[in-house]
Amino acid sequence: MENIAEQKEALETLVEFNQRLVKNMNIIVKELSGKRLDDTDKFLKGIVDAMNWEINVMNGTMSLLNEGKQRVDKEEFNHKILNLGAAIKDKDDSKMADAITQLIPEFENLGNAAQEVIA
């Protein structure tokens with residue numbers, strides 16, 4: 001993203017969606033941990049799409065997010081995303097639940113970092 005105003009606007013939008021995403025991530029973990037519903041696969045796709053959107057915003061605003069201090073550890077985030085990708089590829093509900101559980105703190109931190117930067 002070209003300028004700081006655009007980056008802040010993107011982060012404001014991210015903050016609005018982040019809490020709902022984290023809430024849905026907690027719900028999908030339960031569904032993938034044995035309480036699967038008819039629409040679990042569709043729900044999972046929506047969550048993964050939302051995660052990807054937030055990751056794109058994160059990547060486009062990383063310089064602002066980490067300005068002055070490191071708020072987001074991109075390497076750790078990426079490592080956990082790769083684990084989720086592998087679990088999805090394997091279609092393993094247990095692995096997906098575990099990978100999403102590992103990602104929840106990363107997305108919570110991303111939301112908090114975005115909130116701090118735009119405040």
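These legends go with an overall view and several close-up views of one predicted protein model.

In this predicted model, local features need pLDDT of at least 70 and side-chain atom pairs count only at pLDDT 80 or more, while totals for chains, interfaces and linings use all residues. Residues are numbered from 1 along each chain as its sequence is written, and side-chain values use heavy atoms, with hydrogens and water left out.

**View 1. The whole chain is built from four helices and zero strands.**
Reading from the N terminus, you meet the elements in the order α-α-α-α. Helices (H or I, at least four residues) and strands (E, at least two) are DSSP runs, numbered from the N terminus. Along the principal axes, the C-alpha atoms fill a box of roughly 45 × 25 × 20 Å. The radius of gyration is 15 Å, which agrees with the value near 14 Å for a compact globule of 119 residues; this radius is taken over C-alpha atoms, and the globule rule is 2.2 Å times the number of residues to the power 0.38. Of the 119 residues, 39% count as buried (buried means under 20% relative accessible area, exposed over 50%, partly exposed in between, with a 1.4 Å probe and protein chains only). Among contacts with a separation of 6 or more, 72% join residues 24 or more positions apart (a contact means heavy atoms within 4.5 Å).

**View 2. Arg 71 sits in the loop between helix H2 (40-65) and helix H3 (74-90).**
Is this loop residue buried or exposed? Arg 71 is buried, because its relative accessible area is 19%. A polar atom of the Arg 71 side chain lies 2.7 Å from the backbone oxygen of Leu 65. Leaving aside residues up to four places away in sequence, Arg 71 touches Leu 64, Leu 65, Asn 66, Asn 109, Ala 113, Glu 116 and Val 117.

**View 3. Val 15 belongs to helix H1 (residues 4-32).**
With 18% relative accessibility, Val 15 counts as buried. Which residues does Val 15 touch, not counting residues up to four places away in sequence? They are Gly 111, Ala 114, Gln 115 and Ile 118. You can also look for Glu 108: Val 15 and Glu 108 are 93 residues apart along the chain, and their C-alpha atoms are separated by 9.9 Å.

**View 4. Glu 106 is a buried residue of helix H4.**
The relative accessibility of Glu 106 is 11%, so Glu 106 counts as buried. Not counting residues up to four places away in sequence, Glu 106 touches Glu 76, Phe 77 and Lys 80.

**View 5. Asn 112 lies in helix H4 (residues 93-118).**
Asn 112 is exposed, because its relative accessible area is 52%. Try finding Asn 59 as well: Asn 112 and Asn 59 are 53 residues apart in sequence and 16 Å apart in space, C-alpha to C-alpha.

**View 6. Lys 91 is found in the loop between H3 and H4.**
What is the phi of Lys 91? The angle is positive, about 55°, although Lys 91 is not a glycine. Lys 91 has a relative accessible area of 71%, so Lys 91 is exposed.

Technical notes: Polar contact = N/O pair within 3.5 Å; in protein donor to acceptor, adjacent residues only side chain to side chain.
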